[in-house]
Amino acid sequence: MYHFILACTECSASYSADMTTLHCTKCNSVLDVAYTAEEAYDVRSNPSDMPVPLRNPADAISLGEGNTPTVNLRNLGDSLGTSHLYAKLEAMNPTGSFKDRGTAVMISVAKEMGVTQVVEDSSGNAGASVSAYAARAGIYAHIFAPASAPAAKLGQIAVYGATTHAIDGDRQAVTDAAVDFANSNGIVYASHNLSPYFIEGTKTFAYEVVERFGDDLPLHIVMPVGNGSLLIGIHRGFAEIEAAGEISRIPTLHAVQAQAVMPLVAAFNGKPAPTTGATIAGGIAVANPPRLRQCIRALGDTGGTAVAVAEADILRWQRQIARQEGVFIEPTSAAAFAGVKALLDMGKIRSSDPILVAATGFGLKDAMPPSDV
């Protein structure tokens with residue numbers, strides 16, 4: 001018997017732990033891990049004991065994810081007019097994005113439960129991450145991705161030995177194709193968007209922030225948000241640490257989206273979902289995030305907000321952080337820095353407030369930005 005169950009995020013219905021239950025059968029909402037017993041330790045050496053959904057944490061599948069550096073961006077902070085700007089460089093994870101945090105736990109659970117094949121759909125980063133960790137676990141991966149995804153990301157998926165299914169059409173068409181393939185072939189659909197285990201991995205971000213800053217935490221954490229697995233995981237992690245009495249407060253969490261695809265921004269502000277356009281920030285180009293209500297709660301619980309930024313601003317800040325700080329991030333990550341500027345301009349963040357930005361992925365994963373930006 002496992003020391004956790006799966007619980008509906010809306011109606012609290014509960015289900016036995018497995019890899020195939022992704023929705024509540026009563027209200028069709030997504031599920032979270034709910035622990036029924038204390039877990040002794042976390043094999044990935046986080047600063048505080050952290051519950052993990054594994055019987056044998058010592059057997060977890062790992063490529064050395066986590067423990068990414070936090071750097072003080074003094075030059076960029078001067079440009080933004082803020083004196084305490086930090087970035088957590090998630091591109092230093094094994095496959096170049098924060099997704100490795102969630103994938104490590106999700107694939108570890110799959111391995112422990114005897115899964116031999118998985119299906120995933122992704123615009124790039126999650127597909128590459130699942131491919132890598134599945135290879136390490138001896139699990140065969142089928143990755144469905146948009147045919148229009150950056151060549152670097154599609155190439156990275158393929159190099160780990162996964163079968164890549166390039167799908168024409170929008171992001172929803174990719175998901176539909178993946179689900180149909182999984183159902184038709186009796187293969188586990190290991191969706192980073194839906195899996196409750198994925199979020200159990202992303203919460204390690206919060207544990208590392210506490211290790212770095214102690215109880216003197218940044219007042220604000222700003223991140224790009226598509227499906228919201230990082231936002232929800234960070235919120236969950238801080239809530240666990242606060243409940244354990246290790247911190248006195250949770251930082252204010254802010255979500256940034258592209259103006260072309262901004263369902264969370266619209267919903268958070270009580271507005272109808274806007275028409276979806278095209279954005280260079282492919283990692284957050286998610287028109288219908290399945291955990292939207294959880295994202296709204298995470299922002300609301302911490303007093304945060306959601307803002308949308310223009311394409312030109314995303315490109316400008318991608319170039320500026322590279323030139324001023326020597327940090328090359330993908331457009332999705334650059335959106336978060338554009339969001340910091342917007343939040344400062346709106347008065348949501350004061351120039352004297354310590355700010356931490358989640359720099360979620362490496363710049364070489366996307367097409368190179370134009371040289372005149």
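Helices in these notes are DSSP runs of H or I with at least four residues, numbered from the N terminus, and in that numbering E208 belongs to helix 7, residues 204-213. I note at the outset that the model is predicted.

**Entry 1: the chain as a whole**

I began with the overall inventory, which gives 12 helices and 13 strands for the chain. I then looked up the dimensions: the C-alpha atoms fill a box of roughly 55 × 50 × 40 Å along the principal axes. For 373 residues a compact globule would have a radius of gyration near 21 Å, and the 19 Å of the chain agrees with that. Of the 373 residues, 59% count as buried, and the accessible surface comes to about 14,100 Å², with 50% of it belonging to carbon and sulfur atoms.

I also looked at how far along the sequence the contacts reach, and found that residues 24 or more positions apart account for 72% of the contacts with a separation of 6 or more. On charge, I noted 26 positive and 36 negative charges, whose mean positions are 3 Å apart.

**Entry 2: helix 7 and E208**

I turned next to helix 7 and asked how many of its residues are buried. The count is 8 of 10, so the helix is largely enclosed by the rest of the structure. The buried residues are T204, F205, A206, Y207, E208, V209, V210 and F213, and I traced their packing to strand 4 (70-72), strand 5 (85-89), helix 2 (99-112), helix 6, helix 8 (229-243) and strand 13 (355-359). Just after the helix, G214 takes a positive phi of about 65 degrees.

Within this helix I singled out E208, which has a relative accessibility of 4% and counts as buried because the cut-off is under 20%. Which side chains does the side chain of E208 meet in polar contacts? I found one such contact, of 2.9 Å, with the side chain of K88, and another, of 2.8 Å, with the side chain of R101.

**Entry 3: N193 in its loop**

I then looked up N193, which sits in the loop between strand 9 (188-189) and helix 6 (196-202). Is N193 buried or exposed? With a relative accessible area of 9%, N193 is buried. Setting aside residues up to four places away in sequence, I listed what N193 touches as D121, R171, N227, P290 and R291. With N227 there is also a polar contact of 2.6 Å, joining the two side chains.

**Entry 4: two buried helix positions**

For helix 3 (residues 125-137) I chose V130, which counts as buried at 0% relative accessibility. Leaving aside neighbours within four places in sequence, I recorded contacts of V130 with T103, M106, I107, V118, E120 and I143. I also checked V130 against A367: the two residues are 237 apart in sequence, and their C-alpha atoms are 22 Å apart in space.

In helix 12 (residues 331-346) I looked at G339, which likewise counts as buried, at 0% relative accessibility. G339 touches V256, V307 and V309 when residues up to four places away in sequence are not counted. For V307 I added the C-alpha separation from G339, which is 6.5 Å for residues 32 apart along the chain.

**Entry 5: positive phi outside glycine**

Last, I looked up two loop residues with positive phi that are not glycine. S12 has phi near 70 degrees, a positive value in a residue other than glycine, and its place is in the loop between strand 1 (4-8) and strand 2 (14-15). With a relative accessible area of 59%, S12 is exposed.

N67 also has a positive phi, of about 55 degrees, although it is not a glycine. I located N67 in the loop between strand 3 (31-35) and strand 4. How much relative accessible area does N67 have? The value is 46%, and N67 is therefore entered as partly exposed.

Notes. Residues are numbered from 1 along each chain as its sequence is written. This is a predicted model: local features need pLDDT of at least 70, side-chain atom pairs count only at pLDDT 80 or more; totals for chains, interfaces and linings use all residues. Side-chain values use heavy atoms; hydrogens and water are left out. The radius of gyration is taken over C-alpha atoms; the globule rule is 2.2 Å times the number of residues to the power 0.38. Buried means under 20% relative accessible area, exposed over 50%, partly exposed in between (1.4 Å probe, protein chains only). Contact means heavy atoms within 4.5 Å. Accessible areas come from the Shrake-Rupley method with a 1.4 Å probe; for residues, only the protein chains shown count as cover. Lys and Arg count as positive and Asp and Glu as negative; His and the chain ends are not counted. The place of a charge is taken as NZ of Lys, CZ of Arg, CG of Asp or CD of Glu. A polar contact is a pair of N or O atoms within 3.5 Å; within protein, one must be able to donate a hydrogen and the other to accept it, and residues adjacent in sequence count only if both atoms are side-chain atoms.
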